[in-house]
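Reader: I have a model in front of me and some labels I want justified. Can we go through them one at a time?

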Amino acid sequence: MALNETDIARAVEAAGLLAEPIRAELLLELEAGALSVNELAVRLGLAQPRVSAHLALLREAGWVTSLVAGRQRRYQLCVPRVPDVIRDLATLDDEARSRPIRKVGLARKPRPSEPARAARLHSHS
């Protein structure tokens, strides 16, 4: 499946969200169901304001949503695949290590110019 520049930008943004271990842990905790900030803070052993800040980023990205239940706000996953993606990424390095090391192409290649890059992206569609 060919990806266009927008798809690649979205993938990089998603990777950025997962680059912070706390956010990955929060998403894995929410896999079992909706939890409050306090419940998440206790489970992860973190201060509630820190958990809230990470949940705000995940909510802005559309990965979690909050529900008001009485006087409490509970968070739940909006994208149920995310925990599976996290688990896949966790094993990606194992796959790479199982392959023999190739010593070709170690020199860095120059980055293609923008037109060449765009042509390369569109040639795979």
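Reader: In what order do the elements of the chain run from the N terminus on?

Author: The order is α-α-β-α-α-β-β-α-α. That comes to six helices and three strands. Keep in mind that this is a predicted model.

Reader: What share of the chain is buried?

Author: Buried residues make up 22% of the 125 residues. As for contacts with a separation of 6 or more, 53% join residues 24 or more positions apart.

Reader: Why is Leu58 called buried?

Author: Its relative accessible area is 0%. The cut-off for buried is under 20%. Leu58 falls under that cut-off, so it is buried.

Reader: Where is Leu58 found, and which residues is it in contact with, leaving aside its neighbours within four places in sequence?

Author: Leu58 is in helix H4. Beyond those sequence neighbours, it contacts Leu17, Arg23, Leu26, Leu27, Trp63 and Val64. Take Leu17: it is 41 residues away along the chain, yet the two C-alpha atoms are separated by 7.5 Å.

Reader: Ser36 is a serine. What makes it buried or exposed?

Author: The same test decides. Ser36 has a relative accessible area of 3%. Buried means under 20%, so Ser36 is buried. This residue lies in strand S1, residues 35-36. Not counting residues up to four places away in sequence, Ser36 touches Gln72, Arg73 and Arg74.

Reader: Which members of the largest nonpolar core touch the most other members?

Author: Leu26, Leu27, Leu30 and Leu55, out of 21 residues. Two or more residues come from each of helix H1 (5-18), helix H2 (21-30), helix H3 (37-44), helix H4 (48-60), strand S3 (72-77) and helix H5 (82-98). H2 gives the largest share, five residues.

Reader: What makes such a set a nonpolar core?

Author: Its members must be buried, of the listed nonpolar types, and joined through side-chain atoms within 4.5 Å. In soluble globular proteins, nonpolar side chains tend to be buried together.

Reader: Which residues is Leu30 in contact with, leaving aside its neighbours within four places in sequence?

Author: Leu30 contacts Leu35, Leu40, Leu55, Val64, Tyr75 and Leu77.

Reader: Now the helix pairs. How do you know how H2 is oriented relative to H3?

Author: Start with the angle. The axes of H2 and H3 cross at roughly 115° and come within 11 Å. Roughly perpendicular covers 65 to 115 degrees, so H2 counts as roughly perpendicular to H3. The crossing is right-handed. H2 brings Ile22, Glu25, Leu26, Glu29 and Leu30 to the contact, and H3 brings Leu40, Arg43 and Leu44.

Reader: How many of those residues are nonpolar, polar and charged?

Author: The contact of H2 with H3 has five nonpolar, no polar and three charged residues.

Reader: And why are H3 and H4 given their label?

Author: Their axes cross at roughly 110° and come within 9 Å. That angle is in the 65 to 115 range, so H3 and H4 are roughly perpendicular to each other. H3 passes H4 in a right-handed crossing. On the H3 side, the contact is made by Val37, Asn38, Leu40 and Ala41. On the H4 side are Gln48, Val51, Ser52 and Leu55. The contact of H3 with H4 has five nonpolar, three polar and no charged residues.

Methods. Residues numbered from 1 in each chain as written. Predicted model: local features only at pLDDT ≥ 70, side-chain atom pairs only at ≥ 80, totals over all residues. Heavy atoms only, no water. Buried < 20%, exposed > 50% of the residue type's maximum accessible area, 1.4 Å probe, protein only. Contact = heavy atoms within 4.5 Å. Axes fitted to C-alpha atoms, helices over the stretch in contact; angles between N-to-C directions. Parallel < 35°, antiparallel > 145°, perpendicular 65-115°, else oblique. Left-handed = near helix turned anticlockwise from the far one by under 90°. Nonpolar A, V, L, I, M, F, W, Y, C, P; charged D, E, K, R; others polar.
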